[in-house]
Amino acid sequence: MNRIALVSGATAGIGYSTAELLAKNNFNLIITGRRKERLDELKTKLESEYNISVYALSFDIRQKDEVFNAIDDLPQEFRKIDVLVNNAGLASGLGVIQEGDIDDWEKMIDTNIKGLLYLTRAVSPIMIENRKGHIVNIGSIAGKEVYPNGNVYCGTKHAVDALTKGMRIDMLPHGIKVSQVAPGLVETEFSIVRFHCDKEKADNVYKGLTPLYAEDIADAVLYVITRPEHVCINDMIVTPTAQASATNIIKD
Ligand code: NDP
Ligand code: 8X3
């Protein structure tokens with residue numbers, strides 16, 4: 001029987017590629033995000049290309065009730081979630097703290113920390129009941145280091161780093177694995193979102209180097225969730241070869 005994976009933030013970037021790679025590897029999928037049309041298109045594509053079933057759940061992860069209702073209402077055949085990939089997240093803005101936009105801060109805190117917590121709180125009891133499961137949190141190099149102007153985004157990803165460790169301790173008696181994949185620069189819609197749709201600024205982030213692509217992180221997630229039963233990858237930092245730390249990046 002196919003394993004079931006829930007991938008949050010599957011309408012773009014890392015989540016989209018992860019959903020596609022897991023489909024290729026015979027996972028049935030629950031895909032989530034706000035953009036319903038993209039979810040529906042992805043569901044159609046994956047079900048037609050691979051011999052799997054997909055359930056699309058459109059909700060805003062910042063809305064507690066939407067998250068819990070979505071999981072409560074899952075059809076029986078999708079309830080036994082084996083893998084939760086907590087991927088939905090964003091950066092909004094890049095600037096010094098004293099000039100920070102509070103709406104940007106709240107968006108990042110509500111999505112990257114609170115949203116991840118809501119979904120984990122909704123799904124982890126199902127895993128405990130099934131006595132198996134694997135939670136993979138998509139952290140960041142920004143959760144390991146802090147870089148200029150990254151303040152609040154880095155704070156949210158440091159929270160994901162700490163929550164991953166805390167979850168692993170809490171899930172230990174239940175045999176549920178908890179892992180983190182922490183990427184460096186990945187070219188997705190991330191910078192477009194961070195710079196509020198300023199494409200030129202977004203393109204500049206990746207100009208002059210070969211960044212990671214969403215497929216590279218999907219590949220890391222697949223590796224993490226396909227280890228033998230007795231092996232748990234705790235943490236995996238993945239950067240482009242041209243990046244040695246959050247701020248040491250070689251460009252042409
Ligand atoms: P994208 O912008 O390409 O994708 C982000 C995904 O998150 C989208 O599917 C989006 O769906 C979803 N999302 C955002 N806000 C919400 C919300 N309120 N409710 C539901 N879903 C939401 O970025 P990436 O693929 O790059 O980012 C994925 C994760 O990887 C994030 O957690 C990010 O912090 C992390 N990361 C990214 C790096 C990078 O360089 N790109 C590096 C390190 C970590 P929708 O808009 O449809 O709701
Ligand atoms: C995204 C990577 O370096 O832009 O988490 O913060 S970075």
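**Close-up 1. Polar contacts of the S8 side chain.** The side chain of S8 reaches the backbone nitrogen of N87 at 2.9 Å, and the side chain of S8 also reaches the backbone nitrogen of A88, again at 2.9 Å. The model shown in this and the following views is a predicted one. S8 is placed in the loop between β1 and α1, and because its relative accessibility is 1%, below the 20% limit for a buried residue, S8 counts as buried. Leaving aside residues up to four places away in sequence, S8 touches G15, T32, I61, V85, N86, N87, A88 and L119.

**Close-up 2. Surroundings of ligand 1.** There are 29 residues around ligand 1, and of these T11, R34, N87, Y153 and T188 come nearest. Two backbone contacts can be followed in this view: a polar backbone atom of A12 is 3.5 Å from an oxygen atom of ligand 1, while a polar backbone atom of I14 is 2.8 Å from an oxygen atom of the ligand. A side chain also takes part, since a polar side-chain atom of K157 lies 2.9 Å from an oxygen atom of ligand 1. Taken alone, ligand 1 exposes 880 Å², and the protein buries 96% of that area.

**Close-up 3. The largest nonpolar core.** This core comprises 35 residues, of which L22, F27, L29, I31, L46 and V181 touch the most other members. At least two residues of the core are supplied by each of the strands β1 (4–7), β2 (28–33), β4 (83–86), β5 (134–138) and β9 (235–238), and likewise by each of the helices α1 (13–24), α2 (36–49) and α9 (214–225). Helix α9 gives the most to this core, with eight residues. Apart from this core lies another, of 26 residues, which includes I61, A70, I126 and M127.

**Close-up 4. The contacts of I31.** I31, one of the core residues that touch the most other members, is shown here with its partners from beyond four places away in sequence, namely V7, A10, A19, L39, L42, K43, V54, Y55, A56 and L57.

**Close-up 5. I169 on helix α6.** I169 belongs to helix α6, which covers residues 151–171. Because its relative accessible area is 60%, over the 50% limit, I169 is classed as exposed. From C-alpha to C-alpha, I169 and V136 are 14 Å apart in space, with a separation of 33 residues in sequence.

Conventions
Residues are numbered from 1 along each chain as its sequence is written. Chains are lettered from A and ligands numbered from 1 in the order in which they are written. This is a predicted model: local features need pLDDT of at least 70, side-chain atom pairs count only at pLDDT 80 or more; totals for chains, interfaces and linings use all residues. Side-chain values use heavy atoms; hydrogens and water are left out. A nonpolar core is a set of buried Ala, Val, Leu, Ile, Met, Phe, Trp, Tyr and Cys residues joined through side-chain atoms within 4.5 Å. Buried means under 20% relative accessible area, exposed over 50%, partly exposed in between (1.4 Å probe, protein chains only). Helices (H or I, at least four residues) and strands (E, at least two) are DSSP runs, numbered from the N terminus. Contact means heavy atoms within 4.5 Å. A residue is near a molecule or strand if one of its heavy atoms lies within 4 Å of it. A polar contact is a pair of N or O atoms within 3.5 Å; within protein, one must be able to donate a hydrogen and the other to accept it, and residues adjacent in sequence count only if both atoms are side-chain atoms. Accessible areas come from the Shrake-Rupley method with a 1.4 Å probe; for residues, only the protein chains shown count as cover.
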